[in-house]
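The exercises below are meant to be worked with the sequence and the coordinates side by side. Try each task before reading its solution.

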Amino acid sequence: PEVATGNGDDHNSDVGEAAGRGRNGGGVGGAVVAGVAAAATTAAWGGRHWPPNPNGKETHTTTYPPEQWPTTKRSAMRYEQRQHQAQQQQQQQQQQQLRDDIFVYYPEKKAYRLQNIGYTLHDNGSICVVYFNEPKKLNRWTRNCIAEISLVLEHLNQDDTIKAVVWTGKGNRAFSSGAAWEINPSFSSTSTVRQAYQAKGLMGGSDDLALKNLTLSFLQFPKPSICAVNGLCVGGAVNFAWFYHDIVIATHTARFMYPFASLGITPELGSSLFLPKTVGITRAKAMFLLGHWVTAHEAMAFGLLNYVVPPEILKPKSLEIARRLRRCSQTSIKLTKQLVIDGLGGMTQIAKVLDRENSTITKAIQSPETMARMAAFQAKHATAKHATGTGTRGSSDSNSSSRGKETTTMKRSKKIKQSNMKRGNTRYRCSAQTELQSAAAELRSRL
């Protein structure tokens, strides 16, 4: 806290002048005068609310500890400004820190810690911003991530405090690079939880390649949902962004792409129905078959986006729209969303489309051509994994909470692997080739 400036301009001019004379007068006498003035001020205020108005009634609401009592009105105002700024900074830090604690509700309600997704709460918990939280791997969709999307969605549905939701990706590069197509996926949730969610139609099994249950769950989600695309968006994540939500916002650097033809697979997540109805049959076929990148402005012109904004405006714009939707009638929003789905044939018709997508993509994966393309895709990612020395997060049927920093040994091992790859050491190339062959054999045996 500041001391009196003593320039005579303050609210208590007599005390200010006395303190000023004490500060500027010099010597012991000046110090005594300043001390007496400060003591008189302290005695007059008595540690109560500051300052009292001329009528003798206290109008201020801030109480200061004795060692921080301001000596002028100006210093008190500055003190309050600093306190307000500190509180704002603390709130911003709390909002920026991702939370990973949710509840799973089936077969019984219990706590769960997310591995691939995080979230923040805003406006007293009424708005939730959900993040795909693997920015170093372009927020890819592992099987565990897809399972956690279902867990988070049900948590949002059960929490009555949350009135609006925003989905986005962590980092500036990618919203999501799409499915990881793992051969041996690992999960952080238990098989009991996953089976309970599958029994209620909230999560798909290993044979639900088109993500039928996840798609139907999002289409029936009763609360306002906003998608904020912060970077590149590939494959199933494109369908997630364009068709799962009520409002879609993207940065002008965002771009979208379907890699179906290059991988040898077919449309999923209901895109064979939603995309032609939105952009037309001819343009939809071009997007599916050519697999070219679609810019944010092109998607806006096609009617697939509501807003295109600069990257620094994406989050504020999303929160602004979420607040507007939160203030609207929730009953009206829920019923309107149902009417829009009914206009597409209703949930029964959409479920039939998703069943056809599942059967078609299964048929495509069983072809030798697609198996070869998938094996090449796995080899590419296996080589990248060996080059960086990283593995998958989580463990099978366990909810591990140990996510500490890498040890010195792990960092040293990573540097050695990277240097060996740069020198052309064939040992890791052979390892990648071996993993490719085993992945292909595993895929053939499963099919």
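Helices (H or I, at least four residues) and strands (E, at least two) are DSSP runs, numbered from the N terminus. The model is a predicted one, and every value below is computed from it.

**Exercise 1. Locate Trp-181 and describe its backbone and its exposure.**

Step one is to place the residue: Trp-181 belongs to the loop that connects β6 with α5 (191-199). Step two is to read the backbone, where Trp-181, although it is not a glycine, has a positive phi of about 50 degrees. Step three is the accessibility: buried means under 20% relative accessible area and exposed over 50%, and with a relative accessible area of 21% Trp-181 is partly exposed.

**Exercise 2. Work out how β1 and β2 are connected, and find the cis peptide bond in the loop between them.**

Begin with the pairing, in which strand β1 (residues 101-104) and strand β2 (residues 110-113) run antiparallel and are joined by four bridges. Within this pairing, Val-104 has Lys-110 in β2 as its bridge partner. The two strands make up a hairpin, with five residues between them. Next, look into the loop between β1 and β2, where Pro-107 is found; the peptide bond leading from Tyr-106 to Pro-107 is cis, its omega being near 0 degrees. Finally, turn to the side chains, where the charged end of Lys-109 sits over the ring of Phe-103 at 4.6 Å from the ring centre.

**Exercise 3. Describe the β3 and β4 hairpin, including its turn.**

First, β3 and strand β4 (residues 127-132) pair in the antiparallel sense, with six bridges between them, and Tyr-119 has Val-130 in β4 as its bridge partner. Second, four residues separate the strands of this hairpin, and Asp-123 in the turn has a positive phi of about 55 degrees. Third, Asp-123 counts as partly exposed, its relative accessibility being 24%. Fourth, five of the six residues of strand β3 (residues 117-122) are buried, so the strand is largely enclosed by the rest of the structure.

**Exercise 4. In what order do the strands of the four-stranded open sheet follow one another, and which stand at the edges?**

The order is β6-β8-β10-β11, and the pairing in this open sheet is mixed. Because β6 (174-176) and β11 (294-295) stand at the edges with a single partner strand each, one side of each is left without a neighbour in the sheet. Further in, strand β8 (residues 232-234) runs parallel to β10 and is joined to it by three bridges, with Cys-233 standing opposite Phe-256 in β10. As a last step, add the helix: α7 lies across β6, β8 and β10, and runs at about 110 degrees to β8.

**Exercise 5. Classify the aromatic pair of Trp-242 and Tyr-258, and state which parts of the chain the pair ties together.**

The ring centres are 6.1 Å apart and the planes stand at 75 degrees; since planes over 60 degrees apart count as edge-to-face, the pair is edge-to-face. Trp-242 lies in helix α7 (residues 236-243) and Tyr-258 in the loop between β10 (255-257) and α8 (260-263), so the pair links parts that are 16 residues apart in sequence. Both Trp-242 and Tyr-258 are buried. A separate step concerns the aromatic cluster formed by Phe-132, Trp-141, Trp-167, Phe-175, Phe-218, Phe-240 and Tyr-244.

Key
Residues numbered from 1 in each chain as written. Predicted model: local features only at pLDDT ≥ 70, side-chain atom pairs only at ≥ 80, totals over all residues. Heavy atoms only, no water. Phe/Tyr/Trp six-rings, centres within 6.5 Å; stacked < 30°, edge-to-face > 60°. Buried < 20%, exposed > 50% of the residue type's maximum accessible area, 1.4 Å probe, protein only. Lys NZ or Arg CZ within 6 Å of the ring centre and 35° of its normal. Pairing = 2+ DSSP bridges. Contact = heavy atoms within 4.5 Å. Axes fitted to C-alpha atoms, helices over the stretch in contact; angles between N-to-C directions.
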